[in-house]
Amino acid sequence: MTITKNQNGTAFTLAIEGRIDTTTAPELDKQIQSLDGATELSIDFAKLEYISSAGLRVLLAAHKAFSQKGGMTIANANEAVLEIFEVTGFKDILNIK
């Protein structure tokens with residue numbers, strides 16, 4: 001998994017490439033936790049191939065943290081990832097664009 005971080009003031013974008021699974025989810029969590037002063041988070045899944053339950057837990061924790069700030073959005077998820085969000089009910093929880 002590769003994470004590319006961009007910042008515009010207090011708004012951050014994390015572009016994820018590869019897979020979020022039990023071995024890579026802790027790194028994503030660490031990156032999200034390190035966003036000092038962030039009020040908005042956008043996670044770009046254009047190059048994400050797969051997300052496991054470990055990755056979903058990280059997204060849920062980030063969603064809860066950012067819902068008290070400016071919010072969190074998921075962008076550019078492919079059909080396979082969208083299907084995982086649909087089956088797990090995350091489609092109704094997360095702000096997916």
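**Figure 1. Thr73 is a buried residue of the predicted model.** The relative accessible area of Thr73 is 16%; because buried means under 20%, Thr73 falls in that class. Thr73 belongs to strand E4, which covers residues 71-75.

**Figure 2. Thr73 and the residues around it are shown in close-up.** Which side chain makes a polar contact with the side chain of Thr73? That partner is the side chain of Ser42, at 3.5 Å. When neighbours within four places in sequence are left aside, Thr73 is in contact with Ser42 and also with Leu41, Ile43, Asn95 and Lys97.

**Figure 3. Tyr50 is a partly exposed residue of strand E3.** Strand E3 comprises residues 40-51, and Tyr50 lies in this strand. Is Tyr50 buried or partly exposed? Its relative accessibility is 32%, and partly exposed residues lie between the limits of 20% and 50%, so Tyr50 is counted as partly exposed.

**Figure 4. The surroundings of Tyr50 include a run of residues from Gly18 to Asp21.** With neighbours within four places in sequence set aside, the contacts of Tyr50 are with Gly18, Arg19, Ile20 and Asp21. Thr88 can be located relative to Tyr50 in two ways: 38 residues separate them in sequence, and their C-alpha atoms are 14 Å apart in space.

**Figure 5. The chain combines three helices with five strands.** In what order do these elements follow one another along the sequence? The pattern is β-β-α-β-α-β-α-β. Among the contacts with a separation of 6 or more, 66% join residues that are 24 or more positions apart.

**Figure 6. The overall dimensions of the chain agree with those of a compact globule.** For 97 residues, a compact globule would have a radius of gyration near 13 Å, and the value for the chain is 12 Å, which agrees. The C-alpha trace spans about 35 × 25 × 20 Å along its principal axes. Of the 97 residues, 37% are buried, and Thr73 is one of the buried residues.

**Figure 7. The surface and the charged side chains of the chain are considered together.** The chain exposes about 5400 Å², of which carbon and sulfur atoms supply 46%. How many positive and negative side chains does the chain have? There are 9 positive and 12 negative side chains. The centres of these two sets lie 5 Å apart.

Terms used
Residues numbered from 1 in each chain as written. Predicted model: local features only at pLDDT ≥ 70, side-chain atom pairs only at ≥ 80, totals over all residues. Heavy atoms only, no water. Helix = DSSP H or I, 4+ residues; strand = E, 2+ residues; numbered from the N terminus. Rg over C-alpha atoms; globule rule 2.2 N^0.38 Å. Buried < 20%, exposed > 50% of the residue type's maximum accessible area, 1.4 Å probe, protein only. Contact = heavy atoms within 4.5 Å. Areas by Shrake-Rupley, 256 points an atom, 1.4 Å probe, with all protein chains shown as cover. Lys, Arg positive; Asp, Glu negative; His and termini not counted. Charge placed at Lys NZ, Arg CZ, Asp CG, Glu CD. Polar contact = N/O pair within 3.5 Å; in protein donor to acceptor, adjacent residues only side chain to side chain.
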